[in-house]
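Trainee: Could you take me through one part of this model up close, the way one helix is packed into its surroundings? Then tell me how far I can trust the rest.

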Amino acid sequence: MNREIEHLEERLSTPRSELLGSPDLHGIRARGRRRRTGRRAAMGAGGLLAVTLVATAAYAVLPGTDSENDKPTDSQVAADPGASALRPIAQRALAEIPGATQVSPSLVVIPGTAAGPDAMGEKPLGPERIEGDPIPMGTHYYTGVTMYAADAFPNWLYQGVQDIEKGELGGDDGSYPVGSAEMGIAVDSGSVELACMAAWDWNADKPISGPCRPAMISDNGNERRYLWGLGTEKFLTPGSKMELFSDDNYSTGSPTTLWVGGMDGTTVTRVEYIRTDGTTVDAEVSSGALVPGETMFWAEIPGDLATVVAYDASGAVVENHPVQPCDTPVDCEVR
């Protein structure tokens with residue numbers, strides 16, 4: 001579990017490459033997890049969609065204190081459940097922000113506001129952008145305090161986070177991150193849904209002819225926005241193998257991983273997730289319903305996933321897919 005928390009914290013940190021007062025959209029697009037697909041790479045800057053920490057992670061461990069050496073070790077945390085590496089501003093957020101929850105020794109999650117984070121010019125998703133009904137995943141996505149309007153949170157919180165971004169995290173060239181969680185505060189910015197996005201010309205902002213494509217979208221109760229596409233989408237090609245994609249979640253107060261998979265065709269009726277400890281979880285399966293002609297499946301998994309097995313209606317194995325090992329964030333995008 002501690003490894004999962006560290007992985008989550010890595011993905012919630014932001015590099016120093018955003019421009020002063022305005023994120024470097026080109027850099028974000030280049031770094032964005034799962035924004036490396038051809039469809040996303042073809043987008044112009046005017047079509048860039050909402051950015052979250054999940055999508056802009058730099059994979060640097062979140063500092064829990066002024067010095068990484070001051071963070072408690074896993075053994076110390078296990079021996080002393082009260083051990084904390086929360087920075088003072090995170091401690092204050094935990095004490096004073098209604099609904100704040102400490103999810104790891106160095107990370108506090110606070111509720112977002114109805115207005116949602118800055119969309120950076122992206123329009124909310126209208127009904128014409130989505131085919132069929134999105135499916136709630138039961139998980140949430142997270143951003144940083146300064147991705148919201150300055151009046152969305154108490155001034156001490158917004159200003160304090162911004163001061164850390166400008167002072168401690170800023171570069172010598174005057175740049176600094178926007179929407180960082182390196183001070184140990186992340187904002188719950190809404191629920192995550194799996195949707196089939198209508199074929200769209202991102203640059204011209206208009207529909208085009210073609211099949212819909214699966215993607216993760218957000219819903220904060222007031223509007224929906226695009227989050228990320230699913231890896232390479234090779235699984236949509238006839239005859240291709242299963243692909244798996246993952247996102248960390250701690251909406252329950254403890255870390256889990258949402259594993260979403262896709263397979264070509266509609267012969268699969270059951271999918272079994274096998275964890276490294278040998279326990280199994282049956283995934284939810286949408287065979288041809290969400291994405292016509294394709295199978296999508298998903299489950300929220302505590303611990304580590306080892307293998308995914310897909311079966312047809314007769315119980316025969318369609319594919320046995322070991323989760324691929326990976327060493328880098330890019331390699332880990334598709335498992």
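**A close look at helix α6**

Mentor: Start with what the buried side of α6 touches: its buried residues pack against α5, β2 (107–111) and β4 (185–197). Buried here means under 20% relative accessible area, exposed is over 50%, and partly exposed lies in between, with a 1.4 Å probe and protein chains only. Packing is judged by contacts, that is, heavy atoms within 4.5 Å. Helices (H or I, at least four residues) and strands (E, at least two) are DSSP runs numbered from the N terminus.

Keep in mind that this is a predicted model, where local features need pLDDT of at least 70, side-chain atom pairs count only at pLDDT 80 or more, and totals for chains, interfaces and linings use all residues. Residue numbers run from 1 along each chain as its sequence is written, and side-chain values use heavy atoms, leaving out hydrogens and water.

Now α6 itself. It covers residues 155–167, 13 residues in total, and its first and last C-alphas are 17 Å apart, close to the 18 Å expected at 1.5 Å a residue; that expected span is 1.5 Å times one less than the number of residues. Its buried residues are L157, Y158, G160, V161, Q162, I164 and E165.

Turn to the partner helix, α5, and you find I89, A90 and A93 buried. These sit on the same side of α5 because they cover an arc of only 100 degrees around the axis, the arc being that of the directions from the helix axis to the C-beta atoms. P88 and A95, on the other side, are exposed. The cover over the buried residues of α5 includes β2, α6 and β4.

As for trust, use pLDDT, the predictor's confidence in each residue from 0 to 100. Among the chain's elements, α5 (residues 88–96) has the highest mean, 97, while α3 (residues 38–41) has the lowest, 26. The chain averages 75, and 70% of the residues score at least 70. Residues 1–11 are below 50, and beyond near neighbours in sequence that stretch has 34 contacts in the model. Residues 13–83 stay under 50 too, and there the model has 183 contacts beyond four places in sequence.

Further along the chain, strand β11 (residues 268–275) runs antiparallel to β15 (residues 305–312), joined by seven bridges; strands pair if DSSP finds at least two bridges between them. R270 stands opposite Y311 in β15. β11 also runs antiparallel to β12 (residues 280–282), with three bridges, and D282 is the bridge partner of E272. Four residues lie between the strands of that β11–β12 hairpin, where G278 takes a positive phi near 95 degrees.
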